[in-house]
Amino acid sequence: MIDLHHIDARHDAINIRLEQWARWVQIRPQPWRMQPMFRLYKAPPQWEPRELRVEANPIEAMEIEHIVSHLPEKHRHALRWFYVYPYITDSRIRRELGETRAGLVDLLHKSRSMVVNRLKQHLHTSA
């Protein structure tokens, strides 16, 4: 069985940065898309969602976005699917990319490695 969500230990650090990037990139619901009657409604405090939200560093997120946007098309598409659009089924992505399940896993691992290498390259050129 091939596990799409297995991340190598060498990619732990970049996985964290990519997850933060995904939080920064995700499309947020727009308040004006609701019925006007409910627009100013305030729920009682006991119904308010309580979640601990970790904010992403926007500068790091923009750096990752710049790197991801310059990856080859298949790699870029695979990373965006895995981190930003996880609700899309893997069969749809495999069909769009023309990959097998093992090919998609390999593509994700290579994409993470490319991001790591480009970050290192960016650090060497900016220093």
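# Notebook: salt bridges and core of a five-helix chain

I began with the charged pairs and counted nine salt bridges in the structure. The model is a predicted one, so I read every value below as computed from that prediction.

**Entry 1. E99 and K74.** I looked up E99 and found a salt bridge to K74, with the closest N and O atoms 3.1 Å apart. E99 sits in the loop between α4 and α5, while K74 belongs to helix α3, so this pair ties together parts that are 25 residues apart in sequence. I then checked both partners for exposure. E99 is partly exposed, at a relative accessible area of 23%. K74 also counts as partly exposed, at 36% relative accessibility.

**Entry 2. R94 and D90.** Next I took the salt bridge between R94 and D90, where the closest N and O atoms are 3.4 Å apart. The two are four residues apart in helix α4, which puts about one helical turn between them. Is each partner buried or partly exposed? R94 counts as partly exposed at 23% relative accessibility. D90 has 18%, and because the cut-off for buried is under 20%, D90 counts as buried.

**Entry 3. More on D90.** I stayed with D90, in helix α4. What else does the side chain of D90 reach through a polar contact? I found R101, whose side chain is joined to that of D90 by a polar contact of 2.6 Å. I also listed the contacts of D90, leaving aside neighbours within four places in sequence: L4, W81, R101 and L104.

**Entry 4. K110 and D106.** I looked up another salt bridge, K110 with D106, and noted 3.2 Å between the closest N and O atoms. Both residues lie in helix α5, four residues apart, or about one turn of the helix. K110 is partly exposed, with a relative accessible area of 45%. D106 is partly exposed as well, with 37%.

**Entry 5. A network.** I noted that R17, E60 and E63 are linked to one another in a network of salt bridges.

**Entry 6. Chain overview.** I then stepped back to the whole protein chain. I counted five helices and zero strands, and from the N terminus on the elements run α-α-α-α-α. How much of the chain is buried? Buried residues make up 28% of the 127 residues. Of the contacts with a separation of 6 or more, 77% are between residues 24 or more positions apart.

**Entry 7. Helix α2.** I looked at α2, residues 58-69, and counted twelve residues. From its first C-alpha to its last, α2 reaches 16 Å, close to the 16 Å expected at 1.5 Å a residue. Which residues of α2 are buried? They are A61, I64, I67 and V68. Seen down the axis of α2, these buried residues fall within an arc of 125°, so they line one face of the helix. At the N-terminal end I found a cap: N57 has a side-chain oxygen 3.1 Å from the backbone nitrogen of I59.

**Entry 8. The core.** I turned to the largest nonpolar core, which has 25 residues. Those with the most contacts inside this core are L18, W21, I64, W81, Y83 and V115. Which elements give two or more residues to the core? I listed α1 (12-25), α2, α3 (73-83), α4 (90-97) and α5 (101-126). The largest share, six residues, comes from α5.

I64 appears in two of my lists, as one of the buried residues of α2 and among the core residues with the most contacts. W81 is another of those core residues, and W81 is also in contact with D90.

**Entry 9. Y83.** I picked Y83 from the core list and looked up what Y83 touches, not counting residues up to four places away in sequence. The partners are I7, N15, L18, E19, W21, A22, Q26 and R112. Two of these, L18 and W21, are on the list of core residues with the most contacts, as is Y83.

**Entry 10. D12 and R112.** Last, I looked up D12, which has its place in helix α1. D12 is partly exposed, with a relative accessible area of 42%. How far apart are D12 and R112 in sequence and in space? I noted 100 residues in sequence and 9.9 Å in space, C-alpha to C-alpha. R112 had already come up in my notes as one of the residues that Y83 touches.

Terms used: Residues numbered from 1 in each chain as written. Predicted model: local features only at pLDDT ≥ 70, side-chain atom pairs only at ≥ 80, totals over all residues. Heavy atoms only, no water. Expected span 1.5 Å × (residues − 1). Buried < 20%, exposed > 50% of the residue type's maximum accessible area, 1.4 Å probe, protein only. Arc of directions from axis to C-beta. Polar contact = N/O pair within 3.5 Å; in protein donor to acceptor, adjacent residues only side chain to side chain. Core = buried A, V, L, I, M, F, W, Y, C linked by side-chain atoms within 4.5 Å. Contact = heavy atoms within 4.5 Å. Salt bridge = Lys/Arg side-chain N within 4 Å of Asp/Glu carboxyl O.
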